[in-house]
Amino acid sequence: MTTIAIVFHSGYGHTKKVAEHVEKGAASTGAKVELIAIDAEGNLPDSAWETIKAADGIIFGSPTYMGGPSWQFKKFADASSKPWYSGEWKGKVAAGFSNSASLNGDKFSTIQYFITLAMQHKLLWTGTGMMPASAKANTRDDLNRLGGFSGLLTASPADGSVEEMIPGDLKTAEAFGKNVAEVVKSVKG
């Protein structure tokens, strides 16, 4: 069975909701998926490190704050130097997603950070596998409305609640999770 760990930090709940939809999409392929939330202090339970080590794929998630991942995610990334040193994650598939309040919000800087982290760990990066919704007829409910290729991009208005997240972004999160799980299965053989 394919196993995937989704390691994420969520400051206000929006990124958690995206993580849950990524999980739903990945699980639809039959993969065993575990959500691992980074807490408000930037920590993981000790058992989470073993879950990540045992997973075939790792999906990183963080809100984009001030042009990069949250400090809590960065603390997790810095703590991953222990598995980095021993090569524990080498050869696993990796992917990532980010949410911010604006359409752009410099989310790509966060995705680039995830890619660099993946390369440090000798992970195999995969993107969204989706074409963008870039025609005049497209709406906020279409898949990949923000045109992410390297990673999943979502936006939630600063004054919007978690319940008001854009349906197209959540559908895109599910399609992204499914795509990542299919890539993990393909690589795992």
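The exercises below concern strands, cores, a helix pair and backbone angles in a predicted model.

Residues are numbered from 1 along each chain as its sequence is written. In this predicted model, local features need pLDDT of at least 70 and side-chain atom pairs count only at pLDDT 80 or more, while totals for chains, interfaces and linings use all residues, and side-chain values use heavy atoms, with hydrogens and water left out.

**Exercise 1. Determine where Ile59 lies and whether Ile59 is buried or exposed.**

Step 1. Helices (H or I, at least four residues) and strands (E, at least two) are DSSP runs, numbered from the N terminus. Ile59 belongs to strand S3, residues 57–65.

Step 2. Buried means under 20% relative accessible area, exposed over 50%, and partly exposed in between, with a 1.4 Å probe and protein chains only. The relative accessible area of Ile59 is 0%, so Ile59 is buried.

Step 3. Contact means heavy atoms within 4.5 Å. Leaving aside residues up to four places away in sequence, Ile59 touches Ile4, Ala5, Ile6, Val7, Val22, Ala95, Gly96, Phe97, Phe176 and Val180.

Step 4. The surroundings of the whole strand fit this: 8 of the 9 residues of S3 are buried, so S3 is largely enclosed by the rest of the structure.

**Exercise 2. List strands that pair with S3, with the sense of each pairing.**

Step 1. Two strands pair if DSSP finds at least two bridges between them.

Step 2. S1 and S3 are parallel, with 5 bridges; Ile6 has Ile59 as its bridge partner in S3.

Step 3. S3 and S5 also run parallel and are joined by 7 bridges. Here Gly57 is opposite Val93 of S5.

Step 4. With strand S4 (residues 68–69), S3 runs antiparallel over 2 bridges. Tyr65 is opposite Gly68 of S4, and the two strands form a hairpin with 2 residues between them.

**Exercise 3. Follow the pairing from S5 to S7 and state which residues of S7 are buried.**

Step 1. S5 and S7 pair in the parallel sense, over 4 bridges. The partner of Asn99 in S7 is Thr154.

Step 2. In a regular strand the side chains alternate between the two faces of the sheet.

Step 3. S7 covers residues 152–155, with Leu152 and Thr154 on one side and Leu153 and Ala155 on the other. These four residues are all buried, and both faces of S7 are covered.

**Exercise 4. Describe the largest nonpolar core and name the element that gives the most to it.**

Step 1. A nonpolar core is a set of buried Ala, Val, Leu, Ile, Met, Phe, Trp, Tyr and Cys residues joined through side-chain atoms within 4.5 Å.

Step 2. The largest such core has 22 residues, and the members touching the most others are Ile4, Ile6, Val18, Val22, Ile59, Phe97 and Phe176.

Step 3. At least two residues each come from strand S1 (3–8), helix H1 (14–27), strand S5 (93–100) and helix H6 (167–188). H6 gives the most, with 6 residues.

Step 4. A second, separate core has 21 residues, including Ile38, Phe73, Ala77 and Leu153.

**Exercise 5. Classify the packing of H3 against H5 and give the residues in contact.**

Step 1. Axes are lines fitted to C-alpha atoms, for helices over the stretch in contact, and angles run from 0 to 180 degrees between N-to-C directions. For H3 (residues 71–79) and H5 (residues 107–120) the angle is about 10°, and the axes are 11 Å apart.

Step 2. Angles under 35 degrees count as roughly parallel, over 145 as roughly antiparallel, 65 to 115 as roughly perpendicular and the rest as oblique. H3 and H5 are therefore roughly parallel.

Step 3. H3 contributes Phe73, Lys74, Ala77 and Asp78 to the contact, and H5 contributes Tyr113, Phe114 and Leu117.

**Exercise 6. For Met66 and Asn144, give phi and state whether each residue is buried or exposed.**

Step 1. Met66 is in the loop between S3 and S4. Its phi is positive, about 50°, although Met66 is not a glycine.

Step 2. Met66 has 86% relative accessibility and so counts as exposed.

Step 3. Asn144 sits in the loop between strand S6 (124–125) and S7. Phi of Asn144 is near 55°, again a positive value in a residue other than glycine.

Step 4. Asn144 has 3% relative accessibility and therefore counts as buried.
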